[in-house]
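Biologist: Could we go through this model together, one question at a time, with the reasoning spelled out for a beginner?

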Amino acid sequence: MKIGIACYPSVGGSGILATALGEELARRGHEVHFFSYERPFRLPEHAPRLHFHPVVINEYQLFKYPDYTLPLSVRMAAVSRDHHLDVLHVHYAVPHATAAILARSMLPPAQQPRVVTTLHGTDTTLLGSDPGYGPAIHHALTCSDAVTVVSEFLKQETQRVLGFNGPLEVIYNFFAPRPPRRSRAEVRRELGVADNEAMILHSSNLRPVKRIELLLETVARVRPRETFKLVVMAGGSFEPYLKDVQRLGLKDRVIVRENVNEIEDYLQAADLGLFTSETESFCLSILEAMSFGCPSVARRAGGIPEVVADGVSGLLVASADPDALAQAVEGLIREPGRRMAMGEAAQRRARGHFSAEAIVPRYEALYQRVCGCAG
Ligand code: GMT
């Protein structure tokens, strides 16, 4: 099939998932066309059947705020027409779903692609309740040929927040790890993590919903201090948190790497993950860690309990209490046998439920269904 994918190119779960999906679809023989204002950061340069169409945004004096939606829709319409796209699959509703609906309506019926919208989280939980966005999102979902969500939690939130009663298919996120380029020992040496220290990993874009101040409060309470190092893989600037690191006396315990591309190198070196988000529709970062046999301590929030089987493949903490979170972390540092058993269960769960093999055929079946190729 010929599939167009619109997504954010920056470090964020929706763009990462969309890029991985495009790569997997191309590997399976489909022709895939990406649309974004920059090349998605994990999109390989020269892979067969993978194309990238940059959306050019001009600055006009009249506009105080540059508009992206119209140039995106024009590009999607032109590429759909020129390459005979079957499907436009947009990741994150705003503004991609609206742009896709507009692109489709610019074309004569015989050239119109089907529109599939995947909701990822804040497009529902944050923007969905904004009166300046909610009605436009609802409209775009209603006009989509299919809408998918990345967890049951997000399905319920979409119904509740947006009052959307149309069909919503839950297709969980997946992660297809690439082989690490360096050994575990090499990476830990680079980070300065000793053999007798547990490497706690946190990876996120550091947005307020990730509660980085709670993350730091938590590790500040882990005892004894010399048993761990916290490695933060930051998809944004960590600068605003340096004073917290200083205040909590964590300077020798926290190591930060910003905008890392070779995440697998670091994932394989980690012993446990720590995620303090207020909410997550899924939390791709937890899955990435699970794929490398690394169990996580996380808050029991949003769709996280659908990803982590509490007590089996990780530990979930009900409250935003740094003492409770620190206690869970300490337990896993103290008991490497339990930690490893959880890591193995996490890896099995990742491979069984959230691998490319398990998930990509779900999208392929959906594309075929909306195109009327299969029942
Ligand atoms: O919040 C982020 O980290 C970014 C955001 C995005 O759309 O890029 O992430 C959302 O989509 C991810 C992929 O489906 C999910 O794993 C994240 O849980 C979700 N974030 C939230 O719901 C806050």
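**Questions on a predicted model**

Modeller: Let us start in a loop: Val 11 is placed in the loop between β1 and α1. Please keep in mind that this is a predicted model.

Biologist: Is Val 11 buried, partly exposed or exposed?

Modeller: The relative accessible area of Val 11 is 24%. A residue is called buried under 20% and exposed over 50%. Because 24% lies in between, Val 11 counts as partly exposed.

Biologist: What separation is there between the C-alpha atoms of Val 11 and Arg 225?

Modeller: Along the chain, Val 11 and Arg 225 are 214 residues apart. In space, the separation of their C-alpha atoms is 31 Å.

Biologist: Which residue of β2 is the bridge partner of Ile 5?

Modeller: Strand β1, residues 2-6, runs parallel to β2, and five bridges join the two. For Ile 5, the bridge partner in β2 is Phe 34.

Biologist: What is the handedness of the β-α-β crossover from β1 to β2?

Modeller: Strands β1 and β2 run parallel. On its way from β1 to β2, the chain passes through helix α1, which spans residues 13-27. The handedness of this β-α-β crossover is right-handed.

Biologist: Which residue of β3 is the bridge partner of Phe 34?

Modeller: Strand β2, residues 31-36, is mostly covered, with five of its six residues buried. It is joined by five bridges to strand β3, residues 50-54, and these two strands run parallel. In β3, the bridge partner of Phe 34 is Phe 52.

Biologist: Is Leu 70 buried, partly exposed or exposed?

Modeller: Leu 70 is placed in helix α2, which covers residues 69-83. Together with Val 74, Leu 102 and Met 106, Leu 70 makes a nonpolar surface patch of about 330 Å². Because its relative accessibility is 48%, Leu 70 counts as partly exposed.

Biologist: Which strands are the edge strands of the open sheet of six strands?

Modeller: The order in this sheet is β10-β9-β8-β11-β12-β13, and the pairing is parallel. A strand at the edge pairs on one side only, and this holds for β10 (254-258) and β13 (314-317). The edge strands are therefore β10 and β13.

Biologist: How many degrees does the twist average from one strand to the next?

Modeller: This value describes the open sheet with the order β10-β9-β8-β11-β12-β13. From one strand to the next, the twist averages 25 degrees.

Biologist: Which residue in β10 stands opposite Met 233?

Modeller: Strand β9, residues 228-234, runs parallel to β10, and five bridges join them. Opposite Met 233, in β10, stands Arg 257.

Note on methods. Residues numbered from 1 in each chain as written. Predicted model: local features only at pLDDT ≥ 70, side-chain atom pairs only at ≥ 80, totals over all residues. Heavy atoms only, no water. Buried < 20%, exposed > 50% of the residue type's maximum accessible area, 1.4 Å probe, protein only. Helix = DSSP H or I, 4+ residues; strand = E, 2+ residues; numbered from the N terminus. Right-handed = clockwise from strand over helix to strand, strands pointing away. Patch = residues over 30% accessible without salt bridge, like charges linked within 9 Å, V, L, I, M, F, W, Y side chains within 5 Å. Areas by Shrake-Rupley, 256 points an atom, 1.4 Å probe, with all protein chains shown as cover. Salt bridge = Lys/Arg side-chain N within 4 Å of Asp/Glu carboxyl O. Axes fitted to C-alpha atoms, helices over the stretch in contact; angles between N-to-C directions.
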